[in-house]
Amino acid sequence: MNDISIPQSVTRIGYFAFYDCSSLKSVTIPDGVKCISNDLFSNCVSLTSVDIPESITEIGYSAFSGCKRIKNINIPKSVSVINTEAFKGCSGLTSIKIPEGVSYISQVVFSDCSSLTDIDIPDSVTVIGYSAFSNCSSLSNIIIPKGVTSLGAYAFAGCTKLNDIVLPDEITVIDNGTFNGCKSLTNMIIPREVISIHNGAFMECINLTSIIIPDSVISIDSYAFANCNSLIDFYIPEGVVTLGEGAFYGCKSLKSIYIPESIASVEDVVFAGCDNLRAIRYPDSREAWDSLNVSYVDNAIVYCNYDPSHTHSYIFKLVKPGNCTEKGMG
């Protein structure tokens, strides 16, 4: 069966009702149905069209998971809950508008939607769950509303084309792997209330050249910036207390870094693989630096008692005077 129109007398459709119906192409859901049940259309790989009525208030777990040919789907304003993995693996889905009233974008809900380029997130959303948009490899930019206070781990991991994202000020943690593998991300401003950058948060962001970290941050955790191969200079603000294991592991272009006096703990292999690191600027004494036991910095000069507000003065010296045919040198 390719097309199905469910009678208007139907008010409930059970779990897995159309699960794995690989030839099903279109469905019209009657007005009386209030919930698209768990796994209702999961793995309906030929499904291209679903008419969802205004009576629907909830989209269940994995409801459309694996529906690879759906390109667009209209979620009515009546929907307030979209559950885990609801659209996971909808690799043909190009755009989605989440209705006002949804407050939580569930875990893995749009994961592996590899053609998704356009997402409209309403102001009602406060939480974006674990791996919600992971591996949305066509997504290049996204606007996150100001009301969002939490981004789950790996929320945008593997979004390889993501190059423009602004995080709201209410965010307090950059969770594990949030932007892991976002290879097109070039710059980032960390919100002013963030206190921790967790494990692998920006790992494998190979084109990240600029990141601004606020003085609210107290920890940069393990492998947070590992293999960020385009970082050249890095400034860690005063207030950061710990650098986790391998925090800058494999940052092959990193040449200089400022480490604040507030640092109390530098864990193992923080700078392993930073082959071009040449300057470490540290405002405290040599004794304080030595007590940190920082490894893998043999090629770098450590400038202790460094004053970040210092200035330079220059004196011009004539090396070779110029003439009518040749420029001078100074």
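In this predicted model, the side chains of Lys88 and Asp112 come together in a salt bridge, with 3.4 Å from N to O. The pair ties together distant parts of the chain, 24 residues apart: Lys88 sits in the loop between strand 6 (81–82) and strand 7 (95–97), and Asp112 in the loop between strand 8 (104–105) and strand 9 (118–120). Both ends are partly exposed, Lys88 at 26% relative accessibility and Asp112 at 28%.

That bridge is one of four found across the whole structure. Another joins Arg286 to Asp290, whose closest N and O atoms are 3.8 Å apart. Here the partners are four residues apart in helix 1 (residues 286–291), so about one helical turn separates them. Arg286 is partly exposed, with a relative accessible area of 37%, and Asp290 is likewise partly exposed at 43%. Glu326 and Lys320 also pair up through their side chains, at 3.4 Å from N to O; Glu326 is partly exposed at 42%, as is Lys320 at 39%.

Over in strand 2 there is Ser26, whose side chain makes a polar contact of 2.6 Å with the side chain of Asp3. Setting aside neighbours within four places in sequence, Ser26 touches Asn2, Asp3, Ile4, Leu47 and Ser49. The C-alpha atoms of Ser26 and Ser46 lie 8.6 Å apart, with their positions 20 residues apart along the chain.

The surface has a nonpolar side to it as well: Tyr15, Phe16 and Tyr19 make up a patch of about 340 Å². Phe16 belongs to the loop between strand 1 (3–5) and strand 2 (26–28) and is partly exposed, at 44% relative accessible area.

Technical notes:
Residues are numbered from 1 along each chain as its sequence is written. This is a predicted model: local features need pLDDT of at least 70, side-chain atom pairs count only at pLDDT 80 or more; totals for chains, interfaces and linings use all residues. Side-chain values use heavy atoms; hydrogens and water are left out. Patches are made of residues with over 30% relative accessible area and no salt bridge: like charges are joined within 9 Å, nonpolar side chains (Val, Leu, Ile, Met, Phe, Trp, Tyr) within 5 Å. Accessible areas come from the Shrake-Rupley method with a 1.4 Å probe; for residues, only the protein chains shown count as cover. Helices (H or I, at least four residues) and strands (E, at least two) are DSSP runs, numbered from the N terminus. Buried means under 20% relative accessible area, exposed over 50%, partly exposed in between (1.4 Å probe, protein chains only). Contact means heavy atoms within 4.5 Å. A polar contact is a pair of N or O atoms within 3.5 Å; within protein, one must be able to donate a hydrogen and the other to accept it, and residues adjacent in sequence count only if both atoms are side-chain atoms.
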